[in-house]
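Good morning, and thank you for making time for this. I should like to take you through one protein chain, beginning in the middle of its fold and working outwards.

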Amino acid sequence: MRPPYLLLDIDGVLIPFPDTDGSTPATHTRHDVVPAGRSAANPVTVWLNPDHGRLLMDVIRTGLVTPVWCTSWRQDATTLIGPLLDLPALPYIDLPRPQITTSHPNGYLWKRDHVDAWLGDAPAVWIDDDFTTLDHTWAAERNVKGTATLLVQPAPHLGLQPEHLIEVTTWVSQLPTARAA
Ligand SMILES: [Mg+2]
């Protein structure tokens, strides 16, 4: 079995959503970035936790996962966000740009159909803050088919926590790929 993909979301995972009072976790540092196609005079402010780069690299260096960005930042994840966390240039899934007003237009995460096609029958651990019950059902059905799948869902106002990555490492370590490595 191939090492599972590690699909990484950004908004609500690496960039926490502000609380109702506009505050963000004290662990996070402010950056102004200019996504592709946007005017330099109109940057986007993001908040990132420098510890996340190190924690993610600890997982990536195990060689037990194949990391891929899976985010509406698309290529900007690779060129803008990753470098701010001292991450190497990771590949990204080139998600479509549907005209939607909710992240769950069909009751499940809008990315999922594209991810499902992209993955095929590849095993995957997917970190995203925005799964619904239907996404968890999708993951359970993949596991029933023998395609190892784990969804990890940080709280969007807190984002990624060290225990989420411990969960990832623990899960991948008990897969047949890890035992054969
Ligand atoms: Mg998100």
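In this predicted model, Leu6 stands opposite Pro67 in strand β4. That residue pair belongs to a parallel pairing between β1 and β4, which runs over four bridges. Strand β1 covers residues 5–8, and β4 covers residues 66–69.

Strand β1 also pairs with β5, residues 124–127, again in the parallel sense and over four bridges. Two residue pairs show how these strands are matched. Tyr5 stands opposite Ala124 in β5, and the bridge partner of Leu8 in β5 is Ile127. As a general reminder, strands of a sheet pair through backbone hydrogen bonds, either parallel or antiparallel.

Which way do the side chains of β1 point? Tyr5 and Leu7 point one way from the strand, while Leu6 and Leu8 point the other way. These four residues are all buried.

Let me now place β1 in its sheet. The sheet is open and has four strands in the order β4-β1-β5-β6, with parallel pairing. Strands β4 and β6, the latter spanning 149–152, stand at the edges with a single partner strand each, so one side of each has no neighbour in the sheet. From one strand to the next, the twist averages 15°.

I turn next to the nonpolar core. Which residues have the most contacts inside the largest one? They are Leu6, Leu7, Leu8 and Val125, in a core of 28 residues. The elements that give two or more residues to this core are β1, β3 (44–48), β4, α2 (75–84), β5, β6 and α5 (162–173).

Leu7 serves as an example. Leaving aside its neighbours within four places in sequence, Leu7 is in contact with Val68, Cys70, Val115, Ala124, Trp126 and Ile127.

A further pairing brings in β2, at residues 29–33. Strands β2 and β3 pair in the antiparallel sense over five bridges. Within that pairing, Arg30 in β2 has Trp47 in β3 as its bridge partner. How many of the five residues of β2 are buried? The count is zero, and the strand is hardly covered.

With those strands in mind, consider the whole chain. Its secondary structure comes to six helices and six strands. From the N terminus on, the elements run β-β-β-α-β-α-α-β-α-β-α-α. The radius of gyration is 16 Å, close to the 16 Å that the globule rule gives for 181 residues, so the chain is as compact as a globular protein of that length. Taken along the principal axes, the C-alpha atoms fill a box of roughly 50 × 35 × 30 Å.

Two percentages complete this overview. Buried residues make up 30% of the 181 residues. Among contacts between residues at least 6 apart in sequence, 66% join residues at least 24 apart.

I shall finish with several individual residues outside the strands. Ile60 is placed in helix α1, residues 50–60. Is Ile60 buried or partly exposed? Ile60 counts as partly exposed because 16 other C-beta atoms lie within 10 Å, whereas a buried residue needs 20 or more. Not counting residues up to four places away in sequence, Ile60 touches Val65 and Pro67. Pro67 is the residue in β4 that stands opposite Leu6. Ile60 and Leu87 are 27 residues apart in sequence and 10.0 Å apart in space, C-alpha to C-alpha.

Two loop residues have a positive phi although neither is a glycine. Arg74, in the loop between β4 and α2, has a phi of about 45°. With 19 C-beta neighbours inside 10 Å, Arg74 counts as partly exposed. Asp86 is placed in the loop between α2 and α3, and its phi is about 60°. Asp86 is exposed, with 12 other C-beta atoms within 10 Å.

Lastly, Asp121 is found in the loop between α3, at 112–119, and β5. Asp121 counts as exposed because it has 9 C-beta neighbours inside 10 Å. Asp121 and Arg142 are 21 residues apart in sequence and 8.3 Å apart in space, C-alpha to C-alpha.

Thank you. I should be glad to take questions.

Technical notes:
Residues numbered from 1 in each chain as written. Predicted model: local features only at pLDDT ≥ 70, side-chain atom pairs only at ≥ 80, totals over all residues. Pairing = 2+ DSSP bridges. Axes fitted to C-alpha atoms, helices over the stretch in contact; angles between N-to-C directions. Rg over C-alpha atoms; globule rule 2.2 N^0.38 Å. Contact = placed C-beta atoms within 7 Å. Core = buried A, V, L, I, M, F, W, Y, C linked by C-beta atoms within 7 Å.
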